[in-house]
Amino acid sequence: MPISIRENEPLARYTTFKIGGPARFFIPTKSEEDIIEAVRFAASQNLPYIFLGGGTNTLVSDEGYRGVVIRNEDRTVSFNGPLVYASAGAILAVMVHEAVQRGLSGMEWAFGVPGTVGGAVRGNAGAFGLSTYESIYRVRVLQPDSYRVRMLDRDELTWGYRDSIFKHNPLIILAAEFMFTPIDIEQCKTNLELYLARKKESQPLGKECAGCVFKNPHIQSFPKDVSLPIEFFQKEYVPAGWLVEQVNLKHHVIGGATISGKHGNFFLNANHATAADVVQLITLAKERVYEKFGVTLEEEIVYLGF
Ligand code: EPU
């Protein structure tokens, strides 16, 4: 089947922020062949392309994106003992849930993380001090210049805090294989429930937002004379949500956008917010935190079309 190419497709509905103008071209894909065709199409039009994933960590501009948005809708997940193969378009929480039902432990922390496997691999999604790469075995990639597909072994990959080789390289993530540890199924389910309960307690889950807006700055990026709670020195990172709270911006509203009262690193589309409203809130938070703490917050979210 040929790929379907839609023109001027509104992107708001494909993002968890529910914000953003149209994509010049929008191509949903169901297979690796579709992805290759979509990338070829972008090249033929001389346009840039991006993969949207679950649209969970993305702020799309009000003007939209003048390129090709590719949305991998291949949700395949398959199991082979402790090895789990998931298409980049698979829903992360579904993969984790299916693994947990089989007593496969390693990513129980990720059940409450929205988005796709591809997005989690690219951004090295994490929570509770754990991250996606700890469970990765191999990643299946497409080289966009040669259209060659190959497997990258774990030792060919580099990653860091909310960072991976894929943020610095045009390689396209097609799928990932995870290596989990078989444990008692009930224990695995309990782990998942405990992580989810902790998340529900501290984060506004289910709201229109993009997860954490900022990365937590490393303790060493602060000027030496700034006083910070001792616990942050042990953890090495200072929670951006705490910094936003310290500058009294929780509940702050600009247009339709609000900083959550539950967690200062969650910015909500509370009332038909525009991308411009969110950008103004982000700018304000960065300014206030810089004035008080001398540190520049760095976005974890990705901007599209700005
Ligand atoms: N805190 C505040 N005020 C706030 C938010 C947090 O004082 O408004 C304090 C908390 O009381 C706690 C500390 O900051 O002492 C850490 O808070 P939390 O446990 O909520 O973790 P976080 O550092 O804010 C990180 C990740 C989350 C992940 C949680 C759970 C980043 C940027 N955030 O948040 O990841 O879910 O840990 O482990 O690394 C994401 O990346 O999108 C994300 C949500």
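For the class count below I take Ala, Val, Leu, Ile, Met, Phe, Trp, Tyr, Cys and Pro as nonpolar, Asp, Glu, Lys and Arg as charged, and the others, Gly among them, as polar. With that in hand, I looked up the make-up of the shell around the ligand and found eight nonpolar, nine polar and six charged residues. I note that I am working from a predicted model.

Next I asked which residues come nearest to the ligand, and of the 23 residues around it these are F128, Y161, E245, G264 and E300.

I then went through polar contacts to oxygen atoms of the ligand. The side chain of Q203 has an N or O atom 2.8 Å from a ligand oxygen, and for the side chain of K199 the corresponding distance is 3.2 Å. At C212 I found that a backbone N or O atom is the partner, lying 2.9 Å from an oxygen atom of the ligand. As for burial, the ligand taken alone exposes 820 Å², of which the protein buries 75%.

I also traced where the shell comes from: β9 (126-127), α4 (185-202), β17 (209-212) and α6 (240-246) each give two or more residues, and α6 gives the most, with three. In terms of domains, at least three shell residues come from domain 2 (77-188) and at least three from domain 3 (204-304).

Last, I turned to a hairpin, where strand β6 (residues 77-80) pairs with strand β7 (residues 83-87) in the antiparallel sense over four bridges. V77 stands opposite A86 in β7, and two residues lie between the strands, with G81 taking a positive phi near 60 degrees in this hairpin.

How values were computed:
Residues are numbered from 1 along each chain as its sequence is written. This is a predicted model: local features need pLDDT of at least 70, side-chain atom pairs count only at pLDDT 80 or more; totals for chains, interfaces and linings use all residues. Side-chain values use heavy atoms; hydrogens and water are left out. A residue is near a molecule or strand if one of its heavy atoms lies within 4 Å of it. A polar contact is a pair of N or O atoms within 3.5 Å; within protein, one must be able to donate a hydrogen and the other to accept it, and residues adjacent in sequence count only if both atoms are side-chain atoms. Accessible areas come from the Shrake-Rupley method with a 1.4 Å probe; for residues, only the protein chains shown count as cover. Domain bounds come from an automatic or database domain assignment. Two strands pair if DSSP finds at least two bridges between them.
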